[in-house]
Amino acid sequence: MKISFFFFFFFCVFFLNGDSETPRLPDHFTKSRSQSTLQRRTRKEFFELRQPMPSDHLTPACTLPILDHDFGNTFDSPPVSVPYKVPCHCNAPWTRVVLEVSADCRGEQYDRIAAVWLGGVEILRTSTAEPDEAGIFWKVQKDVTRYSSILALSDQTLTMMLENIVDDVFTGVYHVKLSFLYYKDGGVTASAIENFGGELRFGSGNPRIAATRVVGEAPLSLYEPPADLIAPISSDGDRGSWFRINGESDMLTKRVQIPRNTRRAVLELYVSSHGNDEFWYSNPPDSYIRNNNLTTDRGNGAFREVYVTIDGNFVGSEVPYPVIFTGGINPLFWEPIVAIGAFDLPSYDFEFTPFLGLLLDGNDHKFGIGVSYGIPFWLVDANLHLWLDHNSEAVQAKLVRLESPVLTLTRSQKFKRLDGKFKLEGRRKGRYIGWVKSSEGNLTTIISREVKYRNEIQFRRDGNHKTIEQKIKSKTQVKVLTESRILLSRPFIKWRYPLKIVTSTGPGTGQGTNLITTNMTESLGRRFANGNSSIFVYNSQVCGGNMEVKDHSVVSGFSETTQSFRVREDSRCFSRSVSTNNGKLLIDTSSNSCTSSV
């Protein structure tokens, strides 16, 4: 079967009349009763394509197994907590630290969202694969070197939240193990960070982290070197440290006092959408739902934006990447390859250094997170990474320009009964300027950021054929200048994630079943450039197939998924291509060649 070229996201079409008994879509399904899973007798490994890490082929200096837990009927329960202490024979500095999560499950179960926090700082947002009766297993590895200042502190608490339901129908229990892998060497002969920092008259950076890059140009991350201190912007409740956002007026806040010798700040935002907003990009306007007497609560249009405030002032926002969980669209697509970001959800970075002029007065300041046009529910929190001036008790700082970007959002719609077309176009552009005077000099940081958004939803055939097409682009430039206007660094970050889904729904062959046919493409591109150094990552998936469903269970179906992953860092390249058919891995090839265009 030739797969149609369609973009990211699970959408099985079907907003139907309020009198209909057909399931509302998009939705989640379980696949353990499908023919393919019932025929399998051995456990299957699931995986997500990711960028290789320097530590992949190295032996860690030490490993700390820290959590081994069965997440059974954990719904509405507090997270699992265990004490964390750095192994006595493996103190900092480290060249790299990796968090490894191993999990397995068997039975009938939906996918579940999960997160890991250390000292209240979120270090991983993930989700589970959907199991079957034969059983599945998977492993997630994440580079958590950026959290070195937290990892170096003992007598802390590590917590993991994974709410699961186990009863007579949903029998799957998720068995999860967590370990930290600490690396002391990696063939690194000198520090690119130290080399670059010397040019900037910076100090040696965080003493808890050793050199992590070969000598070259500027750092290719906002977290090189890692921060000296990380302040969590998160909840103190007993349902995990994330904030739960239930609507657009539901902005949640946390008060934080910033050390007066802070010379640089970066905010890291974690976000995931659930419930009636999990498929937010497919939501029609309320007028369509109301005029057709539909019973769905999935409305309020197809634009969402997660934003951050300081003392009520807007300071940044992000239109999030729509991660597909393994029960979404067609669960048969995500076996054994899961969707982009399903095992390691992306976080979003904001350079906050210009705002230090608002924060270094010794007082508490209120950081807020909200979701524009959001409906229940979103899980959000943030980490504030802070770099300190170790040669001073206090630095001077001033916010020179706070040009709060205005959101321009235009809407158009035309529909008759269940058929129609809805368009959204949005743009937000802003600029922030501030200076910090520390022992390293008087440095001015200028941030320019622009986000463009476009979404189109079309219903045909009495609402049984639905097309979703969405494009999101963002670009951010951070310039650091000396007092004499000499350019020291200019990181440039560009994101692009388009999506297209076409789904048709009709009657199935069995009693009470529906046949859902879907073609989909998702992609995620990111470029980070700084000076003469750059890294470009491109990840794309193409899926096609159908499934016959009864209620929320897949009875039978057909699926094909292909994925291409490419990364180029300066003159070094890596690519990997995989292809599956009905859950079987047909092609898995990789290359270090730079001959292909990246």
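**Figure 1. The disulfide of Cys 62 and Cys 90 in the predicted model is left-handed.** The torsion about the S-S bond of this pair is about -85°, so the disulfide has a left-handed sense. The sulfur atoms of Cys 62 and Cys 90 are 1.8 Å apart. Distant parts of the chain are linked here: Cys 62 belongs to strand β2, whereas Cys 90 sits in the loop between β3 (80–84) and β4, and the two cysteines are 28 residues apart. Are these two residues buried or exposed? Both Cys 62 and Cys 90 are buried.

**Figure 2. A second view shows the disulfide that joins Cys 573 to Cys 594.** The S to S distance in this link is 1.9 Å. The bond between Cys 573 and Cys 594 is right-handed, with 110° about the S-S bond. Cys 573 lies in strand β30 (residues 572–581) and Cys 594 in the segment after β31 (584–591), so the disulfide ties together parts of the chain that are 21 residues apart in sequence. Cys 573 has 10% relative accessibility and therefore counts as buried, the cut-off being under 20%. Cys 594, at 26% relative accessibility, counts as partly exposed. A search of the whole structure finds two disulfides. When the bonded cysteines of the protein are numbered in sequence order, the pairing reads 1-2, 3-4.

**Figure 3. Five strands form an open sheet with mixed pairing.** The order of the strands across the sheet is β1-β7-β4-β9-β2. Which strands stand at the edges? These are β1 (44–46) and β2 (62–71); each has a single partner strand, so one side of each is left without a neighbour in the sheet. On average, neighbouring strands of this sheet are turned by 20° against each other, with direction ignored.

**Figure 4. Within this sheet, strands β4 and β9 pair in the antiparallel sense.** Strand β4 covers residues 96–105 and strand β9 covers residues 174–183. How many bridges does this pairing span? The two strands pair over nine bridges. Asp 104 is found opposite His 175 of β9.

**Figure 5. Two further close-up views show the buried residues Cys 105 and Cys 543.** Cys 105 has a relative accessibility of 3% and so counts as buried. For Cys 543 the relative accessible area is 0%, and this residue is therefore buried as well.

Terms used: Residues numbered from 1 in each chain as written. Predicted model: local features only at pLDDT ≥ 70, side-chain atom pairs only at ≥ 80, totals over all residues. Heavy atoms only, no water. Pairing = 2+ DSSP bridges. Helix = DSSP H or I, 4+ residues; strand = E, 2+ residues; numbered from the N terminus. Axes fitted to C-alpha atoms, helices over the stretch in contact; angles between N-to-C directions. Disulfide = S-S within 2.5 Å. Buried < 20%, exposed > 50% of the residue type's maximum accessible area, 1.4 Å probe, protein only.
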